[in-house]
Amino acid sequence: MNFMSDNVAGAAPEILAALATANEGALPSYGADPVTERITRDLAELFECDVTVFPVATGTAANALALSVLTPPYGAVYCHDEAHVQVDECGAPELMSGGAKLAPLPGPHGKLDPVTLAAALDKGGAGFVHHVQPAALTLTQATESGTVYTPDEVAALTDVARAHKLRVHMDGARFANAVASLACAPADITWRAGVDVLSFGATKNGALAAEAVIFFDKGLAESFGYRRKRAGHLFSKMRFLSAQLDAYLTDGLWLRLATHANAMAMRLATGLDALPGVGLRSPVQANEVFAVMPEPMIAGLEAAGFRFYRWDGACIRLVTAWNTDASHVDAFLSTARGLAGIA
């Protein structure tokens with residue numbers, strides 16, 4: 001009964017089966033195989049536009065390498081102060097870009113707002129030789145607080161970025177959860193809303209280890225292949241990354257898995273929000289629940305065998321996954337009710 005992360009979940013059976021199939025016979029290496037060619041076509045169909053696609057194995061590689069294309073070494077990348085690139089990537093964006101600086105900004109519930117971004121860019125030092133130069137904006141979708149940006153919210157932020165000549169990247173480690181929550185077309189929260197490059201995540205949502213960097217502005221992709229190779233992420237047996245993405249995209253598997261994870265998070269949130277002394281720190285819009293509760297309840301849940309992160313103070317983070325069992329959610333809520341003194 002582990003709610004620590006969607007990373008603790010295994011791989012979906014369909015994806016494991018695809019790996020077994022990809023293991024048969026001999027195929028061209030370094031991405032020249034038919035499976036890799038097929039996922040480019042499938043992603044172009046999914047996003048309703050021509051795209052250039054590069055499979056990689058990790059979200060950190062996807063984000064850091066994508067941002068390296070969008071910013072020079074003397075550039076600044078604007079992000080939320082809780083963004084994964086800022087908090088959890090060990091300086092990878094700075095390394096891969098050759099020294100670009102991250103410029104974190106605050107915002108409630110993990111989201112940036114256009115006013116804060118515009119104010120920061122207005123005094124960002126564009127054209128002033130002593131300052132890093134504003135170069136890129138990166139948005140996390142779904143956010144680190146479990147919220148999602150609507151298409152209009154993405155567009156409002158990219159409009160500000162464009163006005164200041166910034167390119168826009170989206171960290172989509174939980175992109176599927178955002179699309180499932182919004183019930184929108186993937187294009188509506190990416191290129192139609194002004195996003196240039198997407199890190200399209202699959203690992204957290206049922207893959208073994210597979211992400212894709214998707215360029216909607218294909219002109220930006222020219223140097224990416226070299227950057228990927230230099231960073232050690234050009235897999236010789238690329239078909240094993242691509243096979244995961246191929247299965248992920250087939251028959252809407254990616255969206256079905258995310259829809260289940262979101263539903264389990266909402267089940268948790270609804271039950272917790274009804275308990276005395278328990279509150280939700282952020283709206284639950286994807287597959288993460290941040291709950292504030294008394295310390296005895298937290299300790300009691302841990303003693304009962306449930307696993308989750310103590311986030312900060314009296315707040316815990318619960319993450320549901322593609323294979324979260326509804327009975328585990330119900331057991332968690334039943335235990336919490338008992339600890340709250342509710343029969």
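This is a short talk on the fold of one protein chain and on a few places inside it.

Good morning, colleagues. Please keep in mind throughout that the structure before you is a predicted model.

I begin with the chain as a whole. Its secondary structure consists of 13 helices and 11 strands. The radius of gyration is 20 Å, close to the 20 Å that the globule rule gives for 343 residues, so the chain is as compact as a globular protein of that length. Measured out along the principal axes, the C-alpha trace spans about 60 × 60 × 30 Å.

How much of the chain is buried? Of the 343 residues, 53% are buried. Turning to contacts with a separation of 6 or more, 75% of them are made by residues 24 or more positions apart. The chain exposes about 13,900 Å², and carbon and sulfur atoms supply 56% of that area. As for charge, there are 25 positive and 35 negative charges, and their mean positions are 5 Å apart.

I now turn to the aromatic residues. A search of the whole structure finds 14 aromatic pairs. One of them joins Phe47 and Phe175: the ring centres are 5.9 Å apart and the planes stand at 35°, so this pair is tilted. The pair links distant parts of the chain, with Phe47 in helix H2 (residues 34-47) and Phe175 in helix H8 (residues 175-182), 128 residues apart. Both Phe47 and Phe175 are buried.

Another aromatic pair, Phe200 with Tyr248, is edge-to-face, at 6.0 Å from centre to centre and with 70° between the planes. Here too distant parts of the chain are linked: Phe200 belongs to strand E6 (residues 197-201) and Tyr248 to helix H10 (residues 239-249), 48 residues apart. Phe200 and Tyr248 are both buried. These four residues belong to one aromatic cluster, which is formed by Phe47, Phe175, Phe200, Phe216, Tyr248 and Trp254.

Tyr248 leads us to its helix. Why can H10 be called largely enclosed by the rest of the structure? The reason is that 10 of its 11 residues are buried. Among the buried residues of H10 are Arg239, Asp246 and Tyr248, along with Leu241, Leu245 and Leu249. Just after this helix, Asp251 takes a positive phi of about 55°.

Two single residues remain. The first topic is Asn262, which is placed in helix H11 (residues 253-273). Is Asn262 buried or exposed? Its relative accessibility is 11%, and because the cut-off for burial is under 20%, Asn262 counts as buried. Leaving aside residues up to four places away in sequence, Asn262 touches Asn177, Ala180, Ser181, Gln285, Ala286 and Asn287.

The other is Leu157, in helix H7 (residues 151-163). With 0% relative accessibility, Leu157 counts as buried. Which residues does Leu157 touch, not counting residues up to four places away in sequence? They are Leu112, Asp113, Pro114, Leu117, Leu137, Leu139 and Tyr149. For Leu117, the distance to Leu157 is 7.6 Å from C-alpha to C-alpha, although the two are 40 residues apart in sequence.

To close, I return to two points. The predicted model shows a chain as compact as a globular protein of its length. Within it, an aromatic cluster brings together Phe47, Phe175, Phe200, Phe216, Tyr248 and Trp254. Thank you for your attention.

How values were computed
Residues are numbered from 1 along each chain as its sequence is written. This is a predicted model: local features need pLDDT of at least 70, side-chain atom pairs count only at pLDDT 80 or more; totals for chains, interfaces and linings use all residues. Side-chain values use heavy atoms; hydrogens and water are left out. Helices (H or I, at least four residues) and strands (E, at least two) are DSSP runs, numbered from the N terminus. The radius of gyration is taken over C-alpha atoms; the globule rule is 2.2 Å times the number of residues to the power 0.38. Buried means under 20% relative accessible area, exposed over 50%, partly exposed in between (1.4 Å probe, protein chains only). Contact means heavy atoms within 4.5 Å. Accessible areas come from the Shrake-Rupley method with a 1.4 Å probe; for residues, only the protein chains shown count as cover. Lys and Arg count as positive and Asp and Glu as negative; His and the chain ends are not counted. The place of a charge is taken as NZ of Lys, CZ of Arg, CG of Asp or CD of Glu. Rings of Phe, Tyr and Trp (its six-membered ring) pair if their centres lie within 6.5 Å; planes under 30 degrees apart count as stacked, over 60 as edge-to-face and the rest as tilted.
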